[in-house]
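Please work through the following exercises on helix packing, using the sequence and structure shown here.

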Amino acid sequence: MEDKELQQLVEAKLWQLENQRQQEEIASRIGRQRIVWPWWLGTAAAAAILAAVLLSPLLSGKEELVAKAENLEILEKLDNLDYLDYLEPPTHTATTPAEPLPTAPVATADSVPASIPPIEPEPVLPTTNYQLPTTNSPTVHTRRSNRLGDIKKAPEKPKVPALIAHYIDIPDTVLFTSNIVINLK
Amino acid sequence: MMTQRQFLNTLLPLQPTLRLVAERLLGNREEAEDAVQETYARLWEQRRRLERCENQEGFAMQTLKNHCINQLRKQHPFETVEQLPEVSDEDIRHEAEVLEERAATFDRLMTQLPEAQKAAIRMKYLDNITHAEMQQQLGMSSANVYTTLSRAIANLKSMINHGR
């Protein structure tokens, strides 16, 4: 562009456009987007809020009225009731007779069979060689059970001097083979 | 507390002036833009302080200058602040007003051009579109695009000379 003045104008316009671009960048950087809400959106929202505020008492009043009307209706029904109808036994005025209840069938001589088949004996299970333990088996007394005393006493053993009284729990085989027993004898 | 809307309404109009100052100080257009953006970010962070400030424009200008000085110190660690070019706020404001006025004149002249010539000028000088793209968008031959452009420039010059 040869004309200096025209060039200055174009440069100024470019400068202005650059400023606009940078302003948008700054605005977006600050966090504000250039959102232009339509004017009617705000108006509609305000109208909706206003209507809700104004109509809420009316709606609640309507509910109360409905509840009252229902209560009155119930009371009126109660007033119209004849309580004697409920005190006297009900009279059945059915036009058709009631059907008889079904009866159980009665056994007759013909219905019983002449001979009853004999009961077959139950098959005998094969015996095994297993034998239960006899009651003569030696009882085992633990120290704990002796201490508690809930087990019957052990059979009396031959009396021995007090010196070896504490050996009473030693098995018989030990007693007969130990020197102490020999010395006692 | 200052809202975003208040902040932008108050301080965004200062942006052209701030950019001119940054360009004068830094001598670079891209760095000047960055400096202005950084300045706005700092101002937003200090909006509580800014709200209490009486001269918000002066506060913004001083923030920008401090930022530019810091940038120059980083670039030239041995250059003193006194060696920096002296920038008068008044001169800068006047320059910004002149530029705004010229831009408005350009807009006014453009409205008087025919649509095709207006589009050609906008594409060529403002949108930086290539000649081939201009042919496609305008639906003209290469010769026609040249002719339209030359006629548009001639018309603009004529309007400037006649002071319209």
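The exercises below concern one helix and its neighbours.

The model is predicted: local features need pLDDT of at least 70, side-chain atom pairs count only at pLDDT 80 or more, and totals for chains, interfaces and linings use all residues. Residues are numbered from 1 along each chain as its sequence is written, chains are lettered from A and ligands numbered from 1 in the order written, and side-chain values use heavy atoms, without hydrogens and water.

**Exercise 1.** Compare the span of helix 3 of chain B with its expected span.

Solution. Helix 3 of chain B, a DSSP run (H or I, at least four residues), covers residues 29-45. At 1.5 Å a residue, its 17 residues should span 24 Å, the expected span being 1.5 Å times one less than the number of residues. The end C-alpha atoms are 25 Å apart, which agrees.

**Exercise 2.** Describe how helix 2 of chain B packs on helix 3 of chain B.

Solution. The axes, lines fitted to C-alpha atoms over the stretch in contact, are 8 Å apart at about 130°. The two helices are therefore oblique (neither under 35 degrees, over 145, nor 65 to 115). Contacts (heavy atoms within 4.5 Å) join residues including B:L18 and B:A22 of helix 2 to residues including B:V36 and B:Y40 of helix 3. The contact residues divide into seven nonpolar, one polar and five charged.

**Exercise 3.** Identify which residues of helix 1 of chain B meet helix 3 of chain B.

Solution. B:Q4, B:F7 and B:L11 meet B:Y40, B:L43 and B:W44. These contact residues comprise five nonpolar, one polar and no charged.

Notes:
Axes are lines fitted to C-alpha atoms, for helices over the stretch in contact, and angles run from 0 to 180 degrees between N-to-C directions. Ala, Val, Leu, Ile, Met, Phe, Trp, Tyr, Cys and Pro count as nonpolar, Asp, Glu, Lys and Arg as charged, and the others, Gly among them, as polar.
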